[in-house]
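Student: Could you go through this structure with me, one piece at a time? I'd like to ask things as they come up.

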Amino acid sequence: MKCRSCGKPAQVELPQHNRALCASCYLAWVAEYTGRTIKRFRMIAPGERVLVAVSGGKDSLSLWSLLAEMGYRADGLYIDLGIDHDGYSARSLKRAQALAGSLGRELLVVSLEEETGLTIPRLRGKGARTICSTCGLVKRYYMNLAAYRGGYSCLATGHNLDDEASSLFSNVLNWDERYLSRQSPVSPGRGEKLIRRVKPLVHLTEKEVAQYAFLRGIDWIMEECPQVEGSTFHQYKDALNRLELHSPGTKRRFYDGYLRTGRKHFPAEEPPLRECGVCGMPTTLDTCSFCRLMARG
Ligand code: SF4
Ligand code: ZN
């Protein structure tokens with residue numbers, strides 16, 4: 001098979017886009033495609049400083065690499081969750097540091113243990129949340145705090161199409177209106193302290209991002225987080241992968257169809273924000289969820 005752009009031997013097949021490309025045309029296509037998503041949803045303004053949350057995995061490292069390649073003023077943020085099983089957090093940090101070095105960009109590092117005396121394994125079992133839900137809360141809090149403290153007006157995360165489509169699938173199966181109303185590639189900032197969050201990879205599948213990372217020579221941590229629990233989300237991903245195999249483009253049509261026609265039926269609520277009485281960051285209650293979690297820790 002030949003590359004549809006330049007005629008050299010193709011290395012990557014893209015059935016849902018009905019094309020095959022060689023390595024260099026594929027890398028260029030990913031950048032162009034991501035650039036279109038950024039423009040369509042007005043994610044990042046020209047010249048804006050962006051903080052990219054990097055975990056050491058392929059998605060976030062690819063996103064950082066792509067934004068840097070596209071000329072965005074993108075720095076990285078690594079949140080050390082203190083997952084010490086087989087040195088998981090330390091090895092993930094090394095991947096992020098290596099990419100920071102090769103991109104020549106700054107990497108901010110926040111250590112949960114230094115900030116709070118706690119780690120994700122030690123937070124297991126605190127409160128009613130699952131560990132991944134607790135971890136998500138902690139990461140969202142420190143992403144926003146680090147962006148605010150560092151004077152960044154935009155925070156980018158590496159969620160890909162598989163993540164968003166499977167999350168939409170789950171929210172639709174459960175008719176979870178609250179989450180459906182929030183499902184968006186852009187979460188607008190509010191006031192000075194709630195920073196806009198964007199997901200520039202929402203139109204690329206997990207496989208497409210992995211192919212980008214591989215061809216770009218990015219070294220990422222391949223094993224799954226040792227703290228992960230619950231298989232429901234994986235089942236939704238598997239179900240969508242099976243549908244995609246029979247009908248390429250299903251994930252994209254499902255997710256994009258929601259953005260174009262479904263989302264307007266679930267308007268986002270914007271309850272008034274106030275400052276958390278403990279940490280001063282934005283919240284809808286007297287004390288933010290993070291500070292309530294810490295009070296239990
Ligand atoms: Fe956190 Fe769960 Fe992700 Fe591990 S798998 S980093 S615990 S959200
Ligand atoms: Zn707080």
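Tutor: We can take the metal site, the cysteines, the other ligand and a few single residues in turn, keeping in mind that this is a predicted model.

Student: Okay, which residues are the protein donors of the zinc ion (ligand 2)?

Tutor: The zinc ion (ligand 2) has as its protein donors the SG atoms of Cys276, Cys279, Cys288 and Cys291, which lie 2.2 to 2.4 Å from it.

Student: And what are the angles among the four donor atoms?

Tutor: They run from 105 to 117°, and the site of the zinc ion (ligand 2) is tetrahedral. Along the chain, the donors follow the spacing C-x2-C-x8-C-x2-C.

Student: Are Cys288 and Cys291 buried or exposed?

Tutor: Both Cys288 and Cys291 are buried, and Cys276 counts as buried too, because its relative accessibility is 4%, where the cut-off for buried is under 20%.

Student: Switching topic, how many disulfides does the structure hold?

Tutor: The structure holds zero disulfides. A disulfide is a covalent bond between the sulfur atoms of two cysteines.

Student: Why is there no bond between Cys3 and Cys25?

Tutor: The closest cysteine sulfur to that of Cys3 is the one in Cys25, and because the two are 3.7 Å apart, they are too far for a bond; a disulfide needs the sulfur atoms within 2.5 Å. Cys3 itself counts as buried, with a relative accessibility of 4%.

Student: What about ligand 1, which residues are around it?

Tutor: Around ligand 1 are Leu81, Cys132, Cys135, Lys139, Cys225, Gln227 and Val228. Sorted by class, this shell has five nonpolar residues, one polar residue and one charged residue.

Student: Now Ile38, where is that?

Tutor: Ile38 is placed in helix H1, which covers residues 23-40, and Ile38 counts as buried because its relative accessibility is 1%.

Student: Which residues is Ile38 in contact with, leaving aside its neighbours within four places in sequence?

Tutor: With those neighbours left aside, Ile38 is in contact with Met43, Ile44, Leu67, Met70, Tyr72 and Pro200. Ile38 can also be compared with Pro185, which is 147 residues apart from it along the chain, while their C-alpha atoms are separated by 9.4 Å.

Student: Last one, is Asp163 buried or exposed?

Tutor: Asp163 counts as buried, since its relative accessibility is 16%. Its place is in helix H7, residues 161-173, and, leaving aside neighbours within four places in sequence, Asp163 is in contact with Gly158, Phe233 and Lys237.

Notes: Residues numbered from 1 in each chain as written. Chains lettered and ligands numbered in written order. Predicted model: local features only at pLDDT ≥ 70, side-chain atom pairs only at ≥ 80, totals over all residues. Heavy atoms only, no water. Donors = N, O, S within 2.8 Å, 3.2 Å for Na, K, Ca; no water. Tetrahedral: all angles 85-135°; square planar, octahedral: opposite > 155°, others 65-115°. Buried < 20%, exposed > 50% of the residue type's maximum accessible area, 1.4 Å probe, protein only. Helix = DSSP H or I, 4+ residues; strand = E, 2+ residues; numbered from the N terminus. Contact = heavy atoms within 4.5 Å. Near = heavy atom within 4 Å. Nonpolar A, V, L, I, M, F, W, Y, C, P; charged D, E, K, R; others polar.
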